[in-house]
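Colleague: Could you take me through this model, giving the reasons behind each term you use?

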Amino acid sequence: MNANVNMTKEEYSNYVDSKAKKSPIGKNLVWAFVVGGFICIIGQLITDLFTSWNFSKDDASTICTIILIFLGAFLTALNLYSIIGKHAGAGSIVPITGFSNSVVAPAIEFKTEGYVLGLGANMFKIAGPVLVYGITSSVIVGFIYWIIKLFM
Amino acid sequence: MKIGKQTIKFENTPKILQTSSIVGPKEMQGPLANYFDQHIDDVFNGQDSFEKAERKLMNDCIDHLLAKVPTNNESIDYLFGGDLLNQCITAGYSSRDLGIPFFGLYGACSTFCESLALAASFINAGYAQKVIATTSSHFCSAERQFRMPLEHGNQKSPTAQCTVTASGAAIVVPKDVGTQGPFVTHITPGKVIDMGISDMTNMGAAMAPAAFNTIMTHLQDTGRNANYYDVIATGDLGVLGSEILVDLFNKEGIDLMGIHADCGALIYDHDKQDTHCGGSGCRLHGKCI
(Lines give C-alpha, C1' and ligand atoms only; values in the text may rest on other atoms or scores of the structure.)
Protein backbone atom coordinates (compact mmCIF):
# COMPACT_ATOMS: atom_id res chain seq x y z
CA MET A 1 0.00 0.00 0.00
CA ASN A 2 1.42 3.28 -1.10
CA ALA A 3 -0.11 6.53 0.13
CA ASN A 4 1.47 8.60 -2.62
CA VAL A 5 -0.13 8.93 -6.01
CA ASN A 6 2.08 6.94 -8.34
CA MET A 7 2.01 9.42 -11.20
CA THR A 8 3.99 12.43 -12.29
CA LYS A 9 2.14 15.74 -12.50
CA GLU A 10 2.04 15.41 -16.27
CA GLU A 11 0.65 11.88 -16.18
CA TYR A 12 -1.99 12.97 -13.68
CA SER A 13 -2.95 15.97 -15.78
CA ASN A 14 -3.33 13.76 -18.89
CA TYR A 15 -5.32 11.23 -16.90
CA VAL A 16 -7.68 13.96 -15.60
CA ASP A 17 -8.11 15.36 -19.12
CA SER A 18 -9.07 11.95 -20.44
CA LYS A 19 -11.56 11.49 -17.61
CA ALA A 20 -13.17 14.96 -17.44
CA LYS A 21 -16.36 15.62 -19.34
CA LYS A 22 -15.58 17.87 -22.28
CA SER A 23 -17.39 21.09 -23.03
CA PRO A 24 -19.88 20.49 -25.86
CA ILE A 25 -17.88 22.57 -28.35
CA GLY A 26 -20.11 21.90 -31.38
CA LYS A 27 -23.26 22.93 -29.53
CA ASN A 28 -21.53 25.95 -27.97
CA LEU A 29 -20.28 27.13 -31.36
CA VAL A 30 -23.74 26.91 -32.94
CA TRP A 31 -25.35 28.79 -30.03
CA ALA A 32 -22.62 31.45 -30.08
CA PHE A 33 -23.07 31.88 -33.83
CA VAL A 34 -26.86 32.11 -33.67
CA VAL A 35 -27.10 34.44 -30.65
CA GLY A 36 -24.12 36.59 -31.69
CA GLY A 37 -25.57 36.87 -35.17
CA PHE A 38 -29.01 37.71 -33.80
CA ILE A 39 -27.60 40.57 -31.71
CA CYS A 40 -25.82 41.89 -34.84
CA ILE A 41 -29.08 41.71 -36.82
CA ILE A 42 -30.84 43.74 -34.13
CA GLY A 43 -28.01 46.29 -34.34
CA GLN A 44 -28.31 46.43 -38.12
CA LEU A 45 -32.08 46.87 -37.92
CA ILE A 46 -31.75 49.79 -35.50
CA THR A 47 -29.10 51.46 -37.68
CA ASP A 48 -31.18 51.00 -40.85
CA LEU A 49 -34.27 52.28 -39.11
CA PHE A 50 -32.57 55.49 -38.02
CA THR A 51 -30.92 55.99 -41.43
CA SER A 52 -34.35 55.69 -43.01
CA TRP A 53 -35.49 58.45 -40.66
CA ASN A 54 -32.86 60.67 -42.26
CA PHE A 55 -30.19 60.41 -39.55
CA SER A 56 -26.61 60.45 -40.87
CA LYS A 57 -24.76 57.12 -40.90
CA ASP A 58 -22.52 58.19 -37.98
CA ASP A 59 -25.45 59.37 -35.88
CA ALA A 60 -27.41 56.20 -36.62
CA SER A 61 -24.57 53.93 -35.46
CA THR A 62 -24.04 56.00 -32.30
CA ILE A 63 -27.76 55.71 -31.48
CA CYS A 64 -27.61 51.97 -32.21
CA THR A 65 -24.67 51.55 -29.79
CA ILE A 66 -26.51 53.45 -27.07
CA ILE A 67 -29.66 51.34 -27.51
CA LEU A 68 -27.71 48.05 -27.44
CA ILE A 69 -25.81 49.09 -24.32
CA PHE A 70 -29.12 49.94 -22.68
CA LEU A 71 -30.63 46.59 -23.68
CA GLY A 72 -27.62 44.71 -22.29
CA ALA A 73 -27.88 46.58 -18.98
CA PHE A 74 -31.65 46.15 -18.83
CA LEU A 75 -31.52 42.39 -19.43
CA THR A 76 -28.72 42.09 -16.84
CA ALA A 77 -30.86 43.83 -14.24
CA LEU A 78 -33.71 41.41 -14.97
CA ASN A 79 -31.21 38.54 -14.51
CA LEU A 80 -31.92 37.40 -18.07
CA TYR A 81 -28.53 38.17 -19.59
CA SER A 82 -26.80 35.51 -17.48
CA ILE A 83 -29.31 32.96 -18.79
CA ILE A 84 -28.60 34.01 -22.38
CA GLY A 85 -24.85 33.95 -21.66
CA LYS A 86 -25.02 30.46 -20.21
CA HIS A 87 -26.05 29.10 -23.61
CA ALA A 88 -24.56 31.64 -25.99
CA GLY A 89 -21.08 31.97 -24.42
CA ALA A 90 -18.92 34.22 -26.59
CA GLY A 91 -21.98 34.95 -28.73
CA SER A 92 -23.32 37.24 -26.01
CA ILE A 93 -20.01 38.21 -24.34
CA VAL A 94 -18.25 39.66 -27.41
CA PRO A 95 -20.94 42.09 -28.70
CA ILE A 96 -21.28 45.46 -26.97
CA THR A 97 -24.25 44.11 -24.95
CA GLY A 98 -21.77 41.76 -23.24
CA PHE A 99 -19.57 44.70 -22.34
CA SER A 100 -22.59 46.39 -20.83
CA ASN A 101 -23.36 43.20 -18.89
CA SER A 102 -19.82 43.01 -17.54
CA VAL A 103 -20.13 46.55 -16.11
CA VAL A 104 -23.66 46.28 -14.75
CA ALA A 105 -23.26 42.82 -13.16
CA PRO A 106 -20.53 43.85 -10.66
CA ALA A 107 -22.36 47.14 -10.07
CA ILE A 108 -25.44 45.23 -8.89
CA GLU A 109 -23.32 42.77 -6.95
CA PHE A 110 -21.24 45.32 -5.02
CA LYS A 111 -23.99 47.87 -4.35
CA THR A 112 -24.41 46.33 -0.89
CA GLU A 113 -20.88 47.54 -0.03
CA GLY A 114 -21.76 51.19 -0.62
CA TYR A 115 -21.80 53.55 -3.61
CA VAL A 116 -18.15 54.65 -3.49
CA LEU A 117 -16.00 51.76 -2.29
CA GLY A 118 -18.52 49.11 -3.36
CA LEU A 119 -20.26 50.02 -6.60
CA GLY A 120 -17.79 52.68 -7.76
CA ALA A 121 -14.64 50.70 -7.03
CA ASN A 122 -15.84 47.38 -8.42
CA MET A 123 -17.93 48.39 -11.42
CA PHE A 124 -15.04 47.94 -13.86
CA LYS A 125 -13.67 44.80 -12.24
CA ILE A 126 -14.30 42.71 -15.36
CA ALA A 127 -14.39 45.42 -18.04
CA GLY A 128 -11.37 47.29 -16.61
CA PRO A 129 -8.67 45.21 -18.36
CA VAL A 130 -10.51 45.58 -21.69
CA LEU A 131 -10.52 49.35 -21.26
CA VAL A 132 -6.87 49.54 -20.16
CA TYR A 133 -5.52 47.49 -23.05
CA GLY A 134 -8.12 48.71 -25.56
CA ILE A 135 -7.30 52.36 -24.95
CA THR A 136 -3.54 51.74 -24.69
CA SER A 137 -3.41 49.84 -27.97
CA SER A 138 -5.56 52.43 -29.76
CA VAL A 139 -3.18 55.18 -28.60
CA ILE A 140 -0.19 53.18 -29.89
CA VAL A 141 -1.88 52.51 -33.23
CA GLY A 142 -2.87 56.18 -33.48
CA PHE A 143 0.72 57.21 -32.82
CA ILE A 144 2.07 54.87 -35.53
CA TYR A 145 -0.59 56.19 -37.93
CA TRP A 146 0.48 59.76 -37.16
CA ILE A 147 4.17 58.98 -37.85
CA ILE A 148 3.35 57.23 -41.13
CA LYS A 149 1.23 60.24 -42.18
CA LEU A 150 4.25 62.55 -41.63
CA PHE A 151 6.22 60.75 -44.34
CA MET A 152 3.43 60.00 -46.81
CA MET B 1 -2.12 9.39 21.48
CA LYS B 2 -0.40 9.58 18.13
CA ILE B 3 -0.36 6.34 16.18
CA GLY B 4 1.48 5.72 12.92
CA LYS B 5 2.53 8.61 10.75
CA GLN B 6 -0.14 11.22 11.33
CA THR B 7 -3.18 9.76 13.05
CA ILE B 8 -4.34 10.64 16.56
CA LYS B 9 -6.28 8.07 18.56
CA PHE B 10 -8.68 9.52 21.14
CA GLU B 11 -8.55 7.31 24.25
CA ASN B 12 -11.58 9.10 25.70
CA THR B 13 -13.66 8.90 22.48
CA PRO B 14 -15.44 12.27 22.50
CA LYS B 15 -19.10 12.11 21.56
CA ILE B 16 -21.05 14.11 18.99
CA LEU B 17 -24.09 14.69 21.16
CA GLN B 18 -26.26 16.56 18.72
CA THR B 19 -26.07 18.18 15.28
CA SER B 20 -28.00 20.89 13.51
CA SER B 21 -28.25 21.86 9.86
CA ILE B 22 -29.86 24.56 7.78
CA VAL B 23 -29.80 24.80 3.99
CA GLY B 24 -30.82 27.08 1.14
CA PRO B 25 -33.59 26.63 -1.45
CA LYS B 26 -31.49 24.76 -4.02
CA GLU B 27 -30.30 22.18 -1.48
CA MET B 28 -33.93 21.63 -0.45
CA GLN B 29 -34.72 20.59 -4.02
CA GLY B 30 -31.98 17.97 -3.85
CA PRO B 31 -32.31 14.31 -2.86
CA LEU B 32 -31.16 14.88 0.75
CA ALA B 33 -33.92 17.40 1.57
CA ASN B 34 -35.50 15.20 4.26
CA TYR B 35 -32.32 15.08 6.33
CA PHE B 36 -31.97 18.81 7.00
CA ASP B 37 -33.34 20.39 10.19
CA GLN B 38 -34.21 23.77 8.76
CA HIS B 39 -34.20 25.57 5.44
CA ILE B 40 -34.60 29.06 4.02
CA ASP B 41 -36.65 29.87 0.91
CA ASP B 42 -34.91 33.08 -0.04
CA VAL B 43 -31.14 33.37 -0.59
CA PHE B 44 -31.20 36.81 1.05
CA ASN B 45 -32.64 35.21 4.20
CA GLY B 46 -34.47 38.45 5.00
CA GLN B 47 -31.22 40.45 5.08
CA ASP B 48 -29.91 43.15 2.78
CA SER B 49 -26.66 41.44 1.72
CA PHE B 50 -25.55 37.87 1.05
CA GLU B 51 -22.90 38.13 3.76
CA LYS B 52 -25.52 39.08 6.35
CA ALA B 53 -27.74 36.29 5.02
CA GLU B 54 -24.93 33.79 5.62
CA ARG B 55 -24.33 35.14 9.11
CA LYS B 56 -28.00 34.70 9.98
CA LEU B 57 -27.84 31.20 8.54
CA MET B 58 -25.04 30.26 10.95
CA ASN B 59 -26.71 31.99 13.90
CA ASP B 60 -29.98 30.17 13.26
CA CYS B 61 -28.14 26.89 12.93
CA ILE B 62 -26.38 27.28 16.28
CA ASP B 63 -29.54 28.54 18.01
CA HIS B 64 -31.33 25.45 16.76
CA LEU B 65 -28.50 23.24 18.03
CA LEU B 66 -28.65 24.82 21.49
CA ALA B 67 -32.43 24.29 21.54
CA LYS B 68 -32.05 20.67 20.50
CA VAL B 69 -29.59 19.67 23.23
CA PRO B 70 -31.08 21.68 25.14
CA THR B 71 -28.55 24.04 26.63
CA ASN B 72 -27.66 27.74 26.52
CA ASN B 73 -24.65 29.60 25.15
CA GLU B 74 -23.22 30.34 28.62
CA SER B 75 -22.61 26.66 29.24
CA ILE B 76 -20.63 26.17 26.00
CA ASP B 77 -16.89 26.29 26.66
CA TYR B 78 -15.52 26.96 23.20
CA LEU B 79 -16.66 27.49 19.65
CA PHE B 80 -14.61 26.27 16.69
CA GLY B 81 -15.93 27.76 13.50
CA GLY B 82 -15.11 28.99 10.04
CA ASP B 83 -16.46 29.87 6.64
CA LEU B 84 -15.22 30.80 3.18
CA LEU B 85 -15.26 34.57 3.44
CA ASN B 86 -12.44 37.03 4.06
CA GLN B 87 -11.39 37.19 7.71
CA CYS B 88 -13.98 34.51 8.51
CA ILE B 89 -16.56 37.23 9.01
CA THR B 90 -19.51 34.86 9.21
CA ALA B 91 -18.12 32.82 12.08
CA GLY B 92 -16.61 35.95 13.66
CA TYR B 93 -19.88 37.88 13.80
CA SER B 94 -21.83 34.80 14.84
CA SER B 95 -19.55 34.27 17.81
CA ARG B 96 -19.91 37.95 18.71
CA ASP B 97 -23.66 37.44 18.97
CA LEU B 98 -23.25 34.22 20.95
CA GLY B 99 -20.57 35.35 23.40
CA ILE B 100 -18.75 32.00 23.36
CA PRO B 101 -14.90 31.93 23.39
CA PHE B 102 -14.03 31.47 19.76
CA PHE B 103 -11.38 29.82 17.56
CA GLY B 104 -11.66 31.05 13.96
CA LEU B 105 -10.68 28.46 11.36
CA TYR B 106 -10.09 28.55 7.67
CA GLY B 107 -9.72 25.23 5.92
CA ALA B 108 -11.97 26.00 2.93
CA CYS B 109 -13.68 22.72 2.01
CA SER B 110 -12.16 20.97 5.01
CA THR B 111 -13.35 23.44 7.65
CA PHE B 112 -16.10 21.28 9.09
CA CYS B 113 -13.82 18.30 9.64
CA GLU B 114 -11.10 20.57 10.94
CA SER B 115 -13.39 22.20 13.50
CA LEU B 116 -14.81 18.83 14.53
CA ALA B 117 -11.31 17.36 14.92
CA LEU B 118 -10.14 20.25 17.09
CA ALA B 119 -13.32 20.27 19.17
CA ALA B 120 -12.91 16.53 19.78
CA SER B 121 -9.25 17.07 20.75
CA PHE B 122 -10.29 19.60 23.40
CA ILE B 123 -12.87 17.22 24.83
CA ASN B 124 -10.49 14.27 24.73
CA ALA B 125 -7.84 16.24 26.61
CA GLY B 126 -10.38 17.30 29.25
CA TYR B 127 -9.96 21.02 28.55
CA ALA B 128 -13.68 21.47 28.03
CA GLN B 129 -17.05 19.85 28.65
CA LYS B 130 -19.12 21.26 25.78
CA VAL B 131 -17.62 22.44 22.51
CA ILE B 132 -19.40 23.48 19.34
CA ALA B 133 -17.93 22.92 15.88
CA THR B 134 -19.59 24.88 13.11
CA THR B 135 -19.21 26.08 9.52
CA SER B 136 -21.22 27.79 6.84
CA SER B 137 -21.07 28.67 3.18
CA HIS B 138 -23.36 30.62 0.88
CA PHE B 139 -23.47 30.24 -2.89
CA CYS B 140 -23.90 33.94 -3.58
CA SER B 141 -21.25 35.26 -1.19
CA ALA B 142 -18.71 32.61 -2.27
CA GLU B 143 -19.43 33.18 -5.95
CA ARG B 144 -18.76 36.86 -5.48
CA GLN B 145 -15.56 36.34 -3.55
CA PHE B 146 -13.99 33.69 -5.75
CA ARG B 147 -15.64 33.86 -9.14
CA MET B 148 -17.76 36.19 -11.26
CA PRO B 149 -20.70 38.41 -10.25
CA LEU B 150 -23.96 36.43 -10.33
CA GLU B 151 -25.53 38.40 -13.18
CA HIS B 152 -22.48 38.08 -15.41
CA GLY B 153 -23.34 36.10 -18.55
CA ASN B 154 -20.57 33.49 -18.70
CA GLN B 155 -20.43 29.78 -19.39
CA LYS B 156 -19.30 27.27 -16.79
CA SER B 157 -17.09 24.31 -17.46
CA PRO B 158 -18.70 20.84 -17.15
CA THR B 159 -16.30 20.11 -14.27
CA ALA B 160 -17.35 23.19 -12.27
CA GLN B 161 -19.02 22.70 -8.90
CA CYS B 162 -21.54 24.79 -7.04
CA THR B 163 -20.98 26.14 -3.51
CA VAL B 164 -23.79 25.03 -1.21
CA THR B 165 -25.85 27.50 0.77
CA ALA B 166 -25.90 25.94 4.19
CA SER B 167 -24.65 25.92 7.73
CA GLY B 168 -24.01 23.02 10.06
CA ALA B 169 -23.07 22.68 13.68
CA ALA B 170 -22.25 19.84 16.05
CA ILE B 171 -21.83 19.81 19.80
CA VAL B 172 -19.05 17.62 21.13
CA VAL B 173 -19.07 16.34 24.73
CA PRO B 174 -17.26 13.71 26.82
CA LYS B 175 -18.41 10.14 26.12
CA ASP B 176 -20.39 9.68 29.34
CA VAL B 177 -22.79 12.58 28.66
CA GLY B 178 -26.15 11.64 27.20
CA THR B 179 -27.09 8.37 25.64
CA GLN B 180 -27.08 8.91 21.90
CA GLY B 181 -24.62 10.11 19.31
CA PRO B 182 -21.59 8.80 17.42
CA PHE B 183 -18.05 8.95 18.83
CA VAL B 184 -14.88 10.41 17.39
CA THR B 185 -12.26 7.69 17.78
CA HIS B 186 -9.45 8.75 15.43
CA ILE B 187 -8.48 11.76 13.39
CA THR B 188 -6.01 11.79 10.51
CA PRO B 189 -5.18 15.33 9.41
CA GLY B 190 -4.10 15.27 5.78
CA LYS B 191 -1.29 16.93 3.90
CA VAL B 192 -1.63 19.41 1.09
CA ILE B 193 -0.93 17.41 -2.05
CA ASP B 194 -0.58 19.40 -5.24
CA MET B 195 -0.59 17.41 -8.46
CA GLY B 196 -0.43 20.57 -10.52
CA ILE B 197 -4.09 21.00 -11.48
CA SER B 198 -4.44 24.73 -12.07
CA ASP B 199 -7.96 24.76 -13.54
CA MET B 200 -10.08 26.54 -10.93
CA THR B 201 -13.21 24.99 -12.39
CA ASN B 202 -11.94 21.49 -11.68
CA MET B 203 -11.57 21.34 -7.91
CA GLY B 204 -12.44 17.65 -7.69
CA ALA B 205 -9.35 16.64 -9.68
CA ALA B 206 -7.21 19.04 -7.64
CA MET B 207 -8.37 17.60 -4.31
CA ALA B 208 -8.65 13.88 -5.11
CA PRO B 209 -4.93 13.05 -4.65
CA ALA B 210 -4.96 14.62 -1.17
CA ALA B 211 -8.11 12.67 -0.25
CA PHE B 212 -6.45 9.50 -1.49
CA ASN B 213 -3.31 10.21 0.52
CA THR B 214 -5.22 11.00 3.72
CA ILE B 215 -7.52 7.97 3.57
CA MET B 216 -4.64 5.67 2.65
CA THR B 217 -2.50 7.01 5.52
CA HIS B 218 -5.44 6.59 7.88
CA LEU B 219 -5.82 2.95 6.88
CA GLN B 220 -2.09 2.32 7.27
CA ASP B 221 -1.86 4.13 10.63
CA THR B 222 -4.83 2.28 12.10
CA GLY B 223 -3.95 -1.04 10.45
CA ARG B 224 -7.47 -1.32 9.03
CA ASN B 225 -8.77 -2.35 5.64
CA ALA B 226 -11.10 -0.12 3.66
CA ASN B 227 -13.95 -2.60 4.13
CA TYR B 228 -13.68 -2.15 7.93
CA TYR B 229 -15.82 0.92 7.26
CA ASP B 230 -19.43 0.94 6.13
CA VAL B 231 -18.95 4.35 4.61
CA ILE B 232 -15.89 6.43 3.83
CA ALA B 233 -17.23 9.91 3.25
CA THR B 234 -15.43 12.74 1.52
CA GLY B 235 -16.53 16.36 1.49
CA ASP B 236 -16.77 17.86 -1.94
CA LEU B 237 -14.78 15.90 -4.50
CA GLY B 238 -17.85 15.99 -6.71
CA VAL B 239 -18.66 13.47 -9.40
CA LEU B 240 -15.35 13.64 -11.25
CA GLY B 241 -13.20 13.82 -8.11
CA SER B 242 -14.97 10.76 -6.68
CA GLU B 243 -14.30 8.76 -9.84
CA ILE B 244 -10.65 9.73 -9.66
CA LEU B 245 -10.44 8.72 -5.98
CA VAL B 246 -11.97 5.31 -6.71
CA ASP B 247 -9.56 4.90 -9.64
CA LEU B 248 -6.55 5.77 -7.49
CA PHE B 249 -7.59 3.18 -4.91
CA ASN B 250 -8.16 0.61 -7.63
CA LYS B 251 -4.56 1.06 -8.71
CA GLU B 252 -3.51 0.01 -5.19
CA GLY B 253 -5.80 -3.00 -5.38
CA ILE B 254 -8.47 -1.57 -3.06
CA ASP B 255 -12.08 -1.47 -4.16
CA LEU B 256 -13.91 1.56 -2.74
CA MET B 257 -17.08 1.06 -4.78
CA GLY B 258 -20.04 0.81 -2.41
CA ILE B 259 -18.02 2.18 0.51
CA HIS B 260 -17.09 5.62 -0.68
CA ALA B 261 -19.67 8.41 -0.60
CA ASP B 262 -19.07 12.00 -1.51
CA CYS B 263 -21.32 14.64 0.05
CA GLY B 264 -20.77 16.98 -2.89
CA ALA B 265 -21.95 14.34 -5.32
CA LEU B 266 -24.94 13.42 -3.14
CA ILE B 267 -26.44 16.79 -2.32
CA TYR B 268 -27.82 17.74 -5.73
CA ASP B 269 -29.65 15.92 -8.47
CA HIS B 270 -27.11 16.65 -11.20
CA ASP B 271 -29.28 16.07 -14.22
CA LYS B 272 -32.11 18.23 -13.01
CA GLN B 273 -30.34 20.89 -11.02
CA ASP B 274 -27.63 21.98 -13.39
CA THR B 275 -24.87 21.82 -10.83
CA HIS B 276 -22.36 20.24 -13.19
CA CYS B 277 -20.05 18.29 -10.91
CA GLY B 278 -21.90 18.74 -7.65
CA GLY B 279 -21.63 20.77 -4.51
CA SER B 280 -18.73 22.16 -2.59
CA GLY B 281 -18.13 24.29 0.43
CA CYS B 282 -17.54 24.21 4.12
CA ARG B 283 -20.69 22.63 5.38
CA LEU B 284 -20.85 19.68 3.08
CA HIS B 285 -19.37 17.26 5.48
CA GLY B 286 -21.94 15.84 7.87
CA LYS B 287 -19.59 13.05 8.74
CA CYS B 288 -20.40 10.07 10.92
CA ILE B 289 -17.60 7.85 12.10
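Colleague: What is the count of salt bridges between chain A and chain B?

Modeller: This is a predicted model, and in it the count between chain A and chain B is 2 salt bridges.

Colleague: What makes the pair Arg144(B) and Glu113(A) a salt bridge?

Modeller: The closest N and O atoms of Arg144(B) and Glu113(A) are 3.5 Å apart. The term asks for a side-chain nitrogen of Lys or Arg within 4 Å of a carboxyl oxygen of Asp or Glu, and therefore the pair, at 3.5 Å, is called a salt bridge.

Colleague: How many residue pairs are in polar contact between the two chains?

Modeller: Between chain A and chain B there are 12 such residue pairs, counting those with both residues at pLDDT 80 or more. On the side of chain A that touches chain B, the elements giving two or more residues are H1, helix H4 (81–88) and helix H6 (96–110) of chain A, and the largest share, 7 residues, comes from H6(A). By class, that side of chain A has 16 nonpolar, 16 polar and 8 charged residues.

Colleague: How many residues does each chain bring to the contact, and what area do the chains bury?

Modeller: Chain A brings 40 residues and chain B brings 38 residues. Between them the chains bury about 3300 Å², with 59% of it on carbon and sulfur atoms. An area is quoted because the size of an interface is often given as the accessible area lost when the parts come together.

Colleague: Which residues have the most contacts inside the largest nonpolar core?

Modeller: That core has 29 residues, and those with the most contacts inside it are Tyr12(A), Ile244(B), Leu245(B), Phe249(B) and Leu256(B). At least two residues each are supplied by helix H1 (9–19) of chain A and by helix H6 (203–222) and helix H7 (238–251) of chain B, while H6(B) gives the largest share, 7 residues. Leaving aside neighbours within four places in sequence, Ile244(B) is in contact with residues of both chains, including Tyr12(A), Tyr15(A), Ala205(B) and Ala208(B).

Colleague: Why is Thr19(B) called partly exposed?

Modeller: Thr19(B), which lies in strand E3 (residues 15–23) of chain B, has a relative accessible area of 39%. Buried means under 20% and exposed means over 50%, so Thr19(B), at 39%, falls in between and is called partly exposed. Not counting residues up to four places away in sequence, Thr19(B) touches Asp37(B), Leu65(B), Lys68(B), Ala169(B) and Ala170(B).

Technical notes
Residues are numbered from 1 along each chain as its sequence is written. Chains are lettered from A and ligands numbered from 1 in the order in which they are written. This is a predicted model: local features need pLDDT of at least 70, side-chain atom pairs count only at pLDDT 80 or more; totals for chains, interfaces and linings use all residues. Side-chain values use heavy atoms; hydrogens and water are left out. A nonpolar core is a set of buried Ala, Val, Leu, Ile, Met, Phe, Trp, Tyr and Cys residues joined through side-chain atoms within 4.5 Å. Buried means under 20% relative accessible area, exposed over 50%, partly exposed in between (1.4 Å probe, protein chains only). Helices (H or I, at least four residues) and strands (E, at least two) are DSSP runs, numbered from the N terminus. Contact means heavy atoms within 4.5 Å. Buried area is the accessible area (1.4 Å probe) that two parts lose on being put together, summed over both. A polar contact is a pair of N or O atoms within 3.5 Å; within protein, one must be able to donate a hydrogen and the other to accept it, and residues adjacent in sequence count only if both atoms are side-chain atoms. Ala, Val, Leu, Ile, Met, Phe, Trp, Tyr, Cys and Pro count as nonpolar, Asp, Glu, Lys and Arg as charged, and the others, Gly among them, as polar.
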